[in-house]
Amino acid sequence: MPSTTVTVGSSIGLHARPAALIADAVAEAGVDVTLAVEDQEPVDAGSALMIMTLGATKGTEVVVESEDQATLDKIVALVAADLDA
């Protein structure tokens, strides 16, 4: 499955608001997307709760995987953005 490694850009990490925005984008796309951090199993990016379990803070590297390149690119951009601004 295609993947991209991206650095979390939100100032306080992938907490409730960024996680919800990412999960909503995945649900809208209708394709499977996973997020993973080093030494942890990938989680379903369509679930804000699962995203928050990653404990990804600003600067954490996250691997985003999806079979759909457009969706992959969109989620990578969201993870990299400061969604708290």
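T71 lies in helix 3. Helices here are DSSP runs of H or I with at least four residues, strands are E runs of at least two, and both are numbered from the N terminus. T71 is buried, at a relative accessible area of 8%. Buried means under 20% relative accessible area, exposed means over 50%, and partly exposed lies in between, with a 1.4 Å probe and protein chains only. Leaving out residues up to four places away in sequence, T71 touches A29, V31, V33 and S66. Contact means heavy atoms within 4.5 Å.

This is a predicted model, in which local features need pLDDT of at least 70 and side-chain atom pairs count only at pLDDT 80 or more, while totals for chains, interfaces and linings use all residues. Residues are numbered from 1 along each chain as its sequence is written, and side-chain values use heavy atoms, with hydrogens and water left out.

**Overall form**

The protein has three helices and four strands. Their order along the sequence is β-α-β-β-α-β-α. The C-alpha trace spans about 30 × 25 × 20 Å along its principal axes. The radius of gyration is 11 Å, which agrees with the value near 12 Å for a compact globule of 85 residues. That radius is taken over C-alpha atoms, and the globule rule is 2.2 Å times the number of residues to the power 0.38.

Of the 85 residues, 35% count as buried. Among contacts between residues at least 6 apart in sequence, 72% join residues at least 24 apart. The protein exposes about 4400 Å², and carbon and sulfur atoms supply 53% of it. These areas come from the Shrake-Rupley method with a 1.4 Å probe; for residues, only the protein chains shown count as cover.

**The sheet**

The four strands form an open sheet in the order 1-4-2-3, with antiparallel pairing. Strand 1 and strand 3 stand at the edges, each with a single partner strand, so one side of each has no neighbour in the sheet. Two strands pair if DSSP finds at least two bridges between them.

| Strand pair | Bridges | Opposite residues |
|---|---|---|
| Strand 1 (residues 3-7) and strand 4 | five | S3 and E65 |
| Strand 2 and strand 4 | four | L35 and V64 |
| Strand 2 and strand 3 (residues 43-44) | two | L35 and V43 |

The hairpin of strand 2 and strand 3 has six residues between the strands. D39 takes a positive phi near 65° in this hairpin.

Side chains alternate along strand 4. V62, V64 and S66 point to one face and are buried. E61, V63 and E65 point to the other face and are not buried. In a regular strand the side chains alternate between the two faces of the sheet.

**The nonpolar core**

The largest nonpolar core has 23 residues, of which L35, I51, V62, V64, I75 and V79 touch the most other members. Helix 1, strand 2 (33-36), strand 4 (61-66) and helix 3 each supply at least two residues of this core. Helix 1 gives the most, with five residues. A nonpolar core is a set of buried Ala, Val, Leu, Ile, Met, Phe, Trp, Tyr and Cys residues joined through side-chain atoms within 4.5 Å. In soluble globular proteins, nonpolar side chains tend to be buried together.

Take V62 as a case. Leaving aside neighbours within four places in sequence, V62 is in contact with T4, T5, V6, V8, L35, A36, V37, A56 and V79.

**The salt bridge**

The structure holds one salt bridge. K74 forms this salt bridge with E28, and the closest N and O atoms are 3.7 Å apart. The pair links distant parts of the chain, with K74 in helix 3 (residues 69-80) and E28 in helix 1 (residues 16-29), 46 residues apart. A salt bridge requires a side-chain nitrogen of Lys or Arg within 4 Å of a carboxyl oxygen of Asp or Glu. K74 is partly exposed, with a relative accessible area of 42%. E28 counts as exposed at 65% relative accessibility.
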